[in-house]
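Visitor: Before we discuss anything, could you put the model in front of us and take me through the reasoning behind the terms you use?

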Amino acid sequence: MLDYETLKIIWWLLVGVLLLGFAVMDGHDMGVGTLLPFVGRTDVERRVVINTVGPHWDGNQVWFITAGGAIFAAWPLVYATAFSGFYWAMLAVLWALFFRPVGFDYRSKVADPRWRTAWDWGLFVGGAVPALIFGVAFGNLLLGVPFHFEDNLMPVYTGTFWALLNPFALLAGVVSLAMLTFHGANYLMVRTEGQVYERARLASLIFGAVMLVAFAGAGVWVASGMKGYVITSVVEAGALPNPLDKSVAIQAGAWLGNFRKAPLLWLVPGAGFAGGLLALLLAWARKPVLAFIGSAVAELGVIGTAGVAMFPFIMPSSSDPRSSLTVWDSVSSHLTLSVMFWAALIFTPIVIAYTGWAYKMMAGKVTTAFIESHDRSAY
Amino acid sequence: MVTEEVVDLSRLQFAATAFYHFLFVPLTLGLSFLLAIMETTYVMTGKEIYRDMTKFWGKLFGINFALGVTTGITMEFQFGTNWAYYSHYVGDIFGAPLAIEGLMAFFLESTFIGLFFFGWEKLSKRQHLTITYLTAIGSNLSAVWILIANGWMQNPIGAEFSWVTMRMEMTSFWDLVFNPAAQAKFVHTVSAGYVTGAMFVLGISSWYLLKGKHVEFAKRSFRIAAAFGFASALSVIVLGDESGYAVTEHQQTKLAAMEGMWKTEEAPAPFTLFAIPDDDKRQNTAEVRIPYALGLIATRSTDKVLPGIDQLEAQAAERIRRGIVAVQALESLRAKTVSEETRAAFEAHKADLGYGLLLRKYTADVGAATPEMIARAARDSIPKVAPMFWTFRIMVALGFSFALLFALSFWYSAKNTFTEKRWLLRWAVWFIPLPWIASEMGWFVAEYGRQPWTIYGILPTHLSTSTISATSLYGSLAGFLFFYTGLLVVEMYLMFKYARLGPASLGTGRYEGEADYQPAR
């Protein structure tokens, strides 16, 4: 069994992998959903758009489910505190996601145009709302969240839903929404042709630019003296987790601390910019597959930047800093982390392998002619 | 502030969302294997009609599956949103099977379901058949891990409380996985799913036969459903008995409540076929009993005694008194006033910690609990009898009626006379909704019967919630009911529409009534 400290760090990386898997896979579905009403003008065009993700959205959504389950298993205190604290935000995500499975499966089963338009907007909500809220949640994590623990470790959130919608968090929401929509647009270029392709390309250029500007804006915001958090007591990384056993200070510019200590880490936000910029140019140059890879790298950079800036913090508390949750003290037991590590190590590559096979088998452009000849079997 | 109202609303919301979710799960479990059987027949015989059967029943499967996914998302996150203390207290054990379910099972099922629908032209026959099996296996593996999680709530083994981290921690992963409560529950639950799938196909096929529509298609579907359903209905009963035996071992309060056993009876105890249990007077009226039956079924012996409610309550009171010591010792340990004595006192009493926590419903200071509070907490430790007694009996009666229907269907399909037995076909149509009722009753017995605990004997329900306001809960409960009911109406509309259309909806040109299906655009 690996030692406890190593496993704690591995699990920080693994949650990162799951979030990245979510952004790359479910993210492009959500981007496609967000773009659906705009890049598809006629019913057939919209069916083309939907069928590009038709065989895959369900498998991709499991990245989201599994990320939730893994956070439960590896960071139970984060799962408990974040999801109950962000109660209404979580419910908004869940309720928006409701529209996806039914939207995909039910839309083409009735011919009435009002029925179909209604589900189109349902799929839009199911793509855009979660994408926005995930960013808003990350923004709030960077700012710190008002919560504390009672003596028995019951988490108590003392903020309101509306307080989550502050300017910085909304900017982070724009980064996230633009990033996933950009990625979805690149995917659409890979799988479509003609009018839909042209509109997806335009969307890629717009949302790629928005993502880069918003990401830069958020970076400037953080760099220009935004408050971060530092642990001021001695860290016993291998100790039994107890989030109340430390002291934490709030300091301006603290989120740059890791970058100052290890300048190589600047490569992470660098990947966000470089991936985004390259993807933008490649979309412009009509190289959609490479553009899709570029926007995936951008996602790695953007999500990684938030993670690296905050490390070892996961969910800092603004109202009671010592209650802050970190990779050292919000984790499961040594045994559970170890068991889950092996489970992830065995199954993640298998999942990636058969997902790759599934994409390979279904590869190729989805055309209007295909939809017309598969009226009853296509979405 | 966690009030009783918050606890009740949280329970109501969980119950409502879980009940909705389980409207869609059993059909997925059962129909996925029926699809695999139909497609196997297609690949082996090369007869087109079996491919059409796979596609048509697959369409209905998809309509159901969409809502299964929709309502399932909620389940993965609701522990965190509404049961934060539970999530902290047992996440170390409970989270693991949920995460493994995602990695090992749900990915498999969800990745290949897309290829099942859209891969007919792109995959070879064998490849497609393989992914159909993988979908079915994936959905059943999901059930394994979910029921391992649930089994641990009923029989929490392989874990220990740590006062440093203030939670339960896993001590053996394999104990968790091979929990006998979980194994028994899994086989019983998936068999119930197979019965549901078989009843669905049997009933709708019977309806076509009664209407004289798609006769060849319906006859073949009926035969497959009758055989599969017969085997499943038998196993659901046998394995339900196994599940009941696990309850006898691990949850005596649940057994006593569902059997309405107020007093400890001499072994082997009689089985109460019918009674009107009165929870206030603590007695049954109008009892009809079968001598020895319960003792034989529940203990598989003639001499093991089944404790009645009065005795179990007295035992609980004793454990509560010991639990008080554990809670007090824990409080001093947490306050860092650690002495060897407190530590020893805690270790000696920690098995009863959960019972001490039952008192928190009545007082924050457990040490100051009055004998009256202890009596009330002990009384809480037994679930209400009347709802348990009845839901259990309805479930069992339905289970036996399914076995009878499938036995007859199988018999007449073997003799090839089932199309003439219009009474049988009508029976099958009317029975379509009943497996769902039986399943929901079963879950009611399992989960209501676990009360007052979320983790049996470890964590009381009233300590498990999040610190959210009752107002928020009214809002979220209303939202869930609104969305789920709306989606259920849509689902039922499509299900009826496509079941009525039958294989004509495939647009192959081989089935009557194709003109009824308006093409898109």
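Guide: This is a predicted model, and a good place to begin is the boundary between domain 1 of chain B and domain 2 of chain B, where the count is one salt bridge.

Visitor: What makes the pair B:Glu160 and B:Lys350 a salt bridge?

Guide: The side chains of B:Glu160 and B:Lys350 come to 3.5 Å, N to O, and the rule asks for a Lys or Arg side-chain nitrogen within 4 Å of a carboxyl oxygen of Asp or Glu, so the pair qualifies.

Visitor: Which other terms describe the boundary between domain 1 of chain B and domain 2 of chain B, beginning with polar contact?

Guide: Five residue pairs are in polar contact across that boundary, both residues at pLDDT 80 or more. By class, the side of domain 1 of chain B that touches domain 2 of chain B has 11 nonpolar, three polar and two charged residues.

Visitor: How much area do domain 1 of chain B and domain 2 of chain B bury between them?

Guide: They bury about 1,400 Å², with 72% of it on carbon and sulfur atoms. On the domain 1 side, B:Phe161, B:Trp163 and B:His462 lose the most area to domain 2 of chain B, together 41% of what that side buries.

Visitor: How many salt bridges are counted between chain B and chain A?

Guide: The count there is zero, although the rule finds 22 residue pairs in polar contact across that interface, both at pLDDT 80 or more. Helix 3 of chain B gives the most to the side of chain B that touches chain A, with 25 residues.

Terms used
Residues are numbered from 1 along each chain as its sequence is written. Chains are lettered from A and ligands numbered from 1 in the order in which they are written. This is a predicted model: local features need pLDDT of at least 70, side-chain atom pairs count only at pLDDT 80 or more; totals for chains, interfaces and linings use all residues. Side-chain values use heavy atoms; hydrogens and water are left out. A polar contact is a pair of N or O atoms within 3.5 Å; within protein, one must be able to donate a hydrogen and the other to accept it, and residues adjacent in sequence count only if both atoms are side-chain atoms. Helices (H or I, at least four residues) and strands (E, at least two) are DSSP runs, numbered from the N terminus. Buried area is the accessible area (1.4 Å probe) that two parts lose on being put together, summed over both. Ala, Val, Leu, Ile, Met, Phe, Trp, Tyr, Cys and Pro count as nonpolar, Asp, Glu, Lys and Arg as charged, and the others, Gly among them, as polar.
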